[in-house]
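Thank you for making time for this today. I would like to walk through one model with you, beginning with how its strands pair and then moving outwards to the helices and one loop residue.

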Amino acid sequence: MSFRARFSAPSSSAFSWSTAPAVGRILIRIIILGVIALLVTSYSVYAQAEVVSAERTLFEALNRERTALGLPSMQWDEALASAALEHAVRMAQRNTLSHQLPGEPAVQVRATQAGARFSLIAENIAVAPNSATIHSAWMQSPHHRDNILDPELNVVGIAVVKGSDGLFAVQDFSQAVANLNFQQQEHQIIANLNAHGLRATQATSDARKTCELDRGFSGSRPLSVTRFETADLSKLPEDLEQKLRTGRYRSAAVGACQGGGSAGFTRFRIAVVLY
C-alpha cells in the first residue's frame, strides 16, 4: 500500500479527519529536521573549506616571503602537519593560545610521535579572524618572522582549526633528516671521502663495531679513528678534513651505528677509520 493510497480514501474506517493535524505536525517536524540537517551539513562543509583555504594561503604566503629573499621554498611535511593539527585542535577546544598546554608534550615530542625526523624544529601559533591577519602578524613579530625566513628550516606542516575566538593556526617547521639505514649512511660518507681523494674506502663490520665504542677500535690497528654525530651526511667534520689534507692516509673503513639525539632530534653516528 502506498503512502498516497493510505491517506486519500475518506471512506476507509481506519481514517479519521481528526488525525490530519497530527499527520501535518509530523510532516512539518520532518521538514524542519531535514532543513536543520542540511544547514548543519552546509555549515560544516563551508567551515572545512575555510580551514583548508587558510592552510593553503599560509603555506603559499610563507614561500612567497622566502622566494622574495632568495631563500629556497619550504616543502610540505605531512607528519608536521599532523602534529600541528593535534595542537591546533587542543588550543581551539580550550580557547587558549600556548605552545604547550597543560598535560601536553612539547613540540619536538609531538612531532616525533607524528613520525617527523629532524635536527631543528620551530613553531608559530596565532589566533585571528582570517589567514591574512595571521600571516601579517607573524611577519611583524621578529621571532615568528625569523622562523618563516630561517634558511636552515626546509619543511613545514600547517594546521588551522576554527574556534570561538577565530582561526587557531599552527606552523611547525623543521630541518628534516632523512630516514636512512646504516648501509645508506655509510655509502654517503664513502662518496664524500672519495670526493676528498681517498679512493680505497669501504664499509666494514670492524668499522661498525668501532662506531659503537666510546674509545679504541675493533680489528687491525689504524693510524687514526674519527667518530662523529651529525644530521647532515654531506659534510665531514673539520678535524677529519684536516687529517685528509695531510695526504698521510691511503685507505679508510667506514661504519655507522645507532646515533644519539634526545626528545625527537635525530643524529647519525659515524666512525671513519684511517689507514
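Before I name any partners, a word on terms: two strands are said to pair here if DSSP finds at least two bridges between them. With that in mind, in strand 8 the bridge partner of Ser 224 is Leu 274. Please keep in mind throughout that what you see is a predicted model.

Let me stay with that pair of strands for a moment. Strand 6 and strand 8, the latter covering residues 268-274, run antiparallel and are joined by 7 bridges. Helix 8, residues 205-212, packs on the sheet there, where it touches strand 6, strand 7 (251-257) and strand 8, and its direction makes about 55° with that of strand 7. Helix 9, residues 238-245, also packs on the sheet, touching strand 6 and strand 8, with its direction at about 145° to that of strand 6.

Now to the sheet as a whole. It is an open sheet of 4 strands in the order 5-7-8-6, and its pairing is mixed. At its edges are strand 5 (200-203) and strand 6 (224-230), each of which pairs on one side only. If direction is ignored, neighbouring strands of this sheet are turned by 20° against each other on average.

One residue beside this region deserves a comment. Arg 215 sits in the loop between helix 8 and strand 6. Is Arg 215 buried or exposed? Because its relative accessible area is 71%, and the cut-off for exposed is over 50%, Arg 215 counts as exposed. From Arg 215 to Val 225 there are 10 residues in sequence, and their C-alpha atoms are 9.0 Å apart in space.

Let me turn to the other sheet. This open sheet also has 4 strands, in the order 1-3-4-2, with mixed pairing. Strand 1 (75-76) and strand 2 stand at the edges with a single partner strand each, so one side of each is left without a neighbour in the sheet.

Which strands are joined to strand 4 by antiparallel bridges? Strand 2, residues 118-128, is joined to strand 4 by 10 bridges, the two running antiparallel, and strand 3, residues 155-163, is joined to strand 4 by 9 bridges, again antiparallel. Strand 3 and strand 4 form a hairpin, with 2 residues between them.

The register can be read from individual positions. On the strand 2 side, Leu 120 stands opposite Gln 175 of strand 4, Ile 121 stands opposite Ser 174, and Ala 122 has Phe 173 as its bridge partner. Ser 174 in strand 4 is also the bridge partner of Val 155.

As for burial, 9 of the 11 residues of strand 4 (residues 166-176) are buried, so strand 4 is largely enclosed by the rest of the structure. Strand 2 is mostly covered as well, with 9 of its 11 residues buried.

Two helices can be placed against these strands. Helix 3, residues 78-94, lies across strand 1, strand 2, strand 3 and strand 4, and runs at about 25° to strand 3. Helix 5, for its part, lies across strand 2 and strand 4, running at about 125° to strand 2.

Helix 5 also has a helical partner. The axes of helix 5 (residues 131-140) and helix 6 (residues 142-149) come within 5 Å and cross at roughly 100°, which means that helix 5 is roughly perpendicular to helix 6. Which residues meet there? From helix 5 they are His 135, Trp 138, Met 139 and Gln 140, and from helix 6 they are Pro 142, His 144, Arg 145, Ile 148 and Leu 149. By class, this contact of helix 5 with helix 6 has 5 nonpolar, 3 polar and 1 charged residues.

To finish, let me step back to the protein chain. Its secondary structure comes to 9 helices and 8 strands, and of its 275 residues, 39% count as buried. Among the contacts in the protein chain with a separation of 6 or more, 69% are accounted for by residues 24 or more positions apart. The protein chain exposes about 15500 Å², of which carbon and sulfur atoms supply 55%.

Notes
Residues numbered from 1 in each chain as written. Predicted model: local features only at pLDDT ≥ 70, side-chain atom pairs only at ≥ 80, totals over all residues. Heavy atoms only, no water. Axes fitted to C-alpha atoms, helices over the stretch in contact; angles between N-to-C directions. Parallel < 35°, antiparallel > 145°, perpendicular 65-115°, else oblique. Contact = heavy atoms within 4.5 Å. Nonpolar A, V, L, I, M, F, W, Y, C, P; charged D, E, K, R; others polar. Buried < 20%, exposed > 50% of the residue type's maximum accessible area, 1.4 Å probe, protein only. Areas by Shrake-Rupley, 256 points an atom, 1.4 Å probe, with all protein chains shown as cover.
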